[in-house]
Every structure is written in structure tokens, then in C-alpha cells.
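Student: I've got a chain to look at and I keep tripping over the terms. Can we go through it together?

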Amino acid sequence: MPKFLIQATYTPEGTKGLLSEGASGRRAAVEQVVTGLGGKVESMYFTFGEDDIVLIIDFPDPVSMAAVSLTVKASGALHTRATPLLTIDEIDEAARRQVNFRAPAS
């Protein structure tokens, strides 16, 4: 199952929601969304600094991740980044594939 790193920053409105329902309430909401699309929350952490929350999520396909991303961004409560995570075996497979490429100006 494809794995994604999610990094998010709450907007002021999103922060108000977090303060009212707490971290456990947000965890429950995330679990409901992810499992509803056949996924799994591997880990979820609140952080300091540029990001407010970091998650690692498994989804059955990238389209499910895109659907969640669009819905969350449309809410205006969070600014998010989703990064696909690849296994060592996947990178090894990619390294074995032949790619015909010519660099610019070469």
C-alpha cells in the first residue's frame, strides 16, 4: 500500500478547532477519514516550528491521498504537503529500470 508523509500547519481557524476538541479529537477525525478510504494511520505527531502536525499514512492508491488532500485544503483549516514515501525495494527497482535521457546541452 502506498505510504505518504503528511506535513501540515493549522490556520488560525484550524487552531481554534484543535483547542476546542483537543489532539485526541483530531486523531479520531483523521482515523475516520483515512480508514473510510481503506487506509491506515501509521503515526501521527504534533510538532513545534514550521509544521504543526506530521503523519505517516498508508492509502490503497494515490487517488485516495489526492481526494483527502483536496478536501482538507478546501476546508481552509490546514495548509498541507503530501510526500510519497518509497521503500528501499522500490528504489532498487527504479535503479534497475533503463531510462533513455539526454541532459540539456549535451
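**Strands, helix and core**

Tutor: Sure, let's start with the sheet: strand β1 (residues 3-10) and strand β3 (residues 53-58) run antiparallel and are joined by six bridges. This is a predicted model, where local features need pLDDT of at least 70, side-chain atom pairs count only at pLDDT 80 or more, and totals for chains, interfaces and linings use all residues. Residues are numbered from 1 along each chain as its sequence is written, and side-chain values use heavy atoms, with hydrogens and water left out.

Student: What makes β1 and β3 a pair?

Tutor: Two strands pair if DSSP finds at least two bridges between them. Here there are six, so by that definition β1 and β3 pair. Within the pair, Phe 4 stands opposite Ile 57, and Gln 7 stands opposite Val 54.

Student: Which strands does the rule pair besides those?

Tutor: Strand β2 (residues 40-46) pairs with β3 in the antiparallel sense over six bridges, with Ser 43 opposite Ile 56. β1 also pairs with strand β4 (residues 78-85), antiparallel again, over eight bridges; there Tyr 10 faces Leu 78.

Student: What lies between β2 and β3?

Tutor: Six residues, and the two strands form a hairpin. Gly 49 in that turn has a positive phi of about 100 degrees.

Student: How do you know what counts as a helix or a strand?

Tutor: They're DSSP runs numbered from the N terminus: helices are H or I with at least four residues, strands are E with at least two. On that basis the chain has three helices and four strands, in the order β-α-β-β-α-β-α.

Student: What makes α1 fall short of a straight helix?

Tutor: The expected span is 1.5 Å times one less than the number of residues. For 25 residues that comes to 36 Å, yet α1 spans only 27 Å between its end C-alpha atoms. There is also a kink of about 105 degrees in α1, centred on Gly 22; the bend at a residue is the angle between axes fitted to the seven residues ending there and the seven starting there. After α1 comes Gly 38, with a positive phi near 85 degrees.

Student: Why are some residues of α1 called buried?

Tutor: Because buried means under 20% relative accessible area, while exposed is over 50% and partly exposed is in between (1.4 Å probe, protein chains only). In α1, the residues that meet the buried rule are Gly 14, Leu 18, Gly 25, Val 30 and Val 34. Their cover includes β1, β2 and β3.

Student: What makes a group of residues a nonpolar core?

Tutor: It's a set of buried Ala, Val, Leu, Ile, Met, Phe, Trp, Tyr and Cys residues joined through side-chain atoms within 4.5 Å. The largest one here has 16 residues, and Leu 55 and Phe 59 have the most contacts inside it. β1, α1 (12-36), β2, β3 and α2 (62-75) each give two or more residues to this core, and β1 gives the most, with four.

Student: Which residues does Phe 59 touch?

Tutor: Contact means heavy atoms within 4.5 Å. Leaving aside neighbours within four places in sequence, Phe 59 is in contact with residues including Met 1, Phe 4, Val 34 and Val 68.
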